[in-house]
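Got your viewer open? Load the model, switch to a cartoon view and keep the selection box handy.

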Amino acid sequence: MKIHEYQGKQIFARYGVPIPKGYPAFTVDEAEAMAKKLIAETSSPVVVVKAQIHAGGRGKGGGVKVAKGGATEARDLATRILGMQLVTHQTGPSGQKVRRLYIEQGLDIERELYLSALVDRDQRRVAFMASTEGGMDIEKVAADTPEKILSVHADPVVGLSPYQARQLAYGLGLEKHGKETVAQFLKLVGSLYTLFLKEDCSLVEINPLIVTKSGGVVALDSKINFDDNADFRHPDWNELRDEDEEDRVELEAKKAGLNYVSLDGNVGCLVNGAGLAMATMDIIKHAGEKHGVSPANFLDVGGGANQEQVTKAFSMILKSPKVKAIFVNIFGGIMKCDVIANGVVMAAKELGLKVPVIVRLEGTNVELGRNILTQSGLRIEAATSMFDGAQKIVAAVAGGAR
Ligand SMILES: Nc1ncnc2c1ncn2[C@@H]1O[C@H](COP(=O)(O)OP(=O)(O)O)[C@@H](O)[C@H]1O
Ligand SMILES: [Mg+2]
């Protein structure tokens with residue numbers, strides 16, 4: 001689960017990670033009022049107006065602007081940014097609508113650094129990564145000059161050792177700014193580790209972490225991802241959730257108790273079980289790669305889905321505009337093939353079938369399931385195997401190309 005920058009910074013503040021002063025704003029009026037308040041509190045006319053969306057790269061996309069002319073200029077910037085469709089390298093070409101702003105104190109930046117903590121699955125540890133090349137292009141740094149990224153791994157029993165934090169501090173050249181700067185950084189790294197564990201994060205990223213002109217260390221941006229597996233012990237996450245930022249269909253699926261992942265392709269897939277879902281993605285890619293055919297989603301109805309859930313699942317696929325053909329690939333183990341067949345037929349009758357549907361059914365009650373489909377009068381093509389199904393899907397989408 002992702003949260004906004006300002007929410008992340010509120011968490012930072014609770015753990016003693018230094019942040020600039022700032023206030024969220026949902027309207028232009030609020031933005032102006034918050035800018036006035038900040039200017040009075042900081043006795044500086046510089047405020048930064050920041051779009052709040054669940055994606056980075058806002059600065060480059062025009063979603064982070066500095067106002068040096070007081071609250072009136074902040075208001076003008078807020079008018080421009082609020083409601084804009086912000087496109088960044090992380091939003092995809094259609095961008096994301098800006099519905100919230102963060103009005104923040106502008107700081108004097110001496111250096112922009114990068115610091116993050118994440119779960120390194122290979123090492124089974126929390127890794128800290130740091131780089132002198134902070135700011136807006138860390139992906140490029142990682143790709144072109146990976147040696148500029150330092151990393152240390154925290155021991156799960158001992159925690160992050162002081163010497164490891166010092167390795168990062170000296171690796172970032174912080175001693176040049178004086179002892180106090182190093183000390184502040186060490187404290188920050190410690191706080192970040194506590195925060196990471198206590199809040200059940202999968203990623204905490206500060207880009208940029210800045211050294212101010214006066215030698216202070218401050219988190220100028222925040223990105224926090226929570227580990228969804230821990231949501232049962234975080235009722236507080238409900239308040240942080242912003243449904244406007246989530247994929248609408250994924251949200252609908254979650255509410256119906258289905259596993260759904262939205263992808264970029266053109267084939268809707270109704271599958272049961274994560275393993276079969278993966279295999280289905282692979283085989284569609286394998287058969288369709290050269291023909292521009294690939295999965296548009298991954299919808300796993302699991303083992304125990306009832307009639308209603310299957311109908312819901314198939315309706316969701318039918319409603320997706322990017323779906324040009326549907327592959328129903330079911331192995332009935334606990335799930336019964338007739339339940340699937342009934343769900344498919346019910347949803348198709350309700351919404352109409354505008355795209356070809358290829359069905360491969362095997363397992364429990366398979367004959368019953370096949371009969372339901374053939375007797376439905378719907379134009380559904382049967383596949384004899386997974387590969388046959390994949391080839392039929394490719395033919396249906398790419399027009400006969402095999
Ligand atoms: N409070 C601030 N004071 C001064 N400059 C800022 C402030 N917040 C952001 N910036 C500048 O804007 C850049 C982009 O902001 P950031 O919050 O990192 O957004 P994003 O990563 O989405 O582009 C920063 O690298 C920094 O140079
Ligand atoms: Mg940033």
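Which residue of β15 is the bridge partner of N259? Select N259 and follow the pairing across: D300 is the partner. Before going further, note that this is a predicted model, in which local features need pLDDT of at least 70, side-chain atom pairs count only at pLDDT 80 or more, and totals for chains, interfaces and linings use all residues. Residues are numbered from 1 along each chain as its sequence is written, while chains are lettered from A and ligands numbered from 1 in the order in which they are written.

**Stop 1: the strands around D300**

Select 259-262 and 297-300. These are β13 and β15, an antiparallel pair joined by four bridges. Strands here are DSSP E runs of at least two residues, helices are H or I runs of at least four, and both are numbered from the N terminus. Two strands count as paired if DSSP finds at least two bridges between them. Now add β14: it pairs with β15 over two bridges, this time in the parallel sense. Keep D300 highlighted, as V271 stands opposite D300.

**Stop 2: zoom out**

Show the whole protein chain. Its C-alpha trace spans about 80 × 50 × 40 Å along the principal axes, and it holds 13 helices and 18 strands. Colour it by domain: domain 1 (1-19 + 108-246), domain 2 (21-106) and domain 3 (247-398), with bounds that come from an automatic or database domain assignment. The C-alpha centres of domain 2 and domain 3 are 43 Å apart.

Of the 402 residues, 42% count as buried. Buried means 20 or more other C-beta atoms within 10 Å of the residue's own, exposed means 12 or fewer, and partly exposed is in between, with C-beta atoms placed from the backbone.

**Stop 3: ligand 1**

Centre on ligand 1 and pull up the 20 residues around it; V48, R58, G59, G106 and D221 come nearest. A residue is near a molecule if its C-beta atom, placed from the backbone, lies within 6 Å of it. The shell takes at least three residues from each of domain 1 and domain 2. Look for β2 (47-51), β6 (101-105), β7 (109-120) and β10 (201-212), each of which supplies at least two shell residues.

What is the make-up of the shell by class? There are eight nonpolar, seven polar and five charged residues. Here Ala, Val, Leu, Ile, Met, Phe, Trp, Tyr, Cys and Pro are nonpolar, Asp, Glu, Lys and Arg are charged, and the others, Gly among them, are polar.

**Stop 4: two helices**

Select 5-14 for helix α1. Seven of its ten residues are buried, among them Y6, I11 and F12. Just after α1, check G16, which has a positive phi of about 80 degrees.

Then jump to 386-398, helix α13: its 13 residues reach 18 Å from first C-alpha to last, close to the 18 Å expected at 1.5 Å a residue. That expectation is 1.5 Å times one less than the number of residues. Its buried residues include M386, I393 and V397. Their cover includes β14 (267-271), α9 (274-288) and β16 (325-332). G399 follows α13, with a positive phi near 70 degrees.

**Last stop: P162**

Is P162 buried or exposed? P162 sits in helix α5 (residues 162-171) and is exposed, because 11 other C-beta atoms lie within 10 Å. Draw a distance from its C-alpha to that of A40, 122 residues apart along the chain, and you should get 39 Å.

Terms used:
Contact = placed C-beta atoms within 7 Å.
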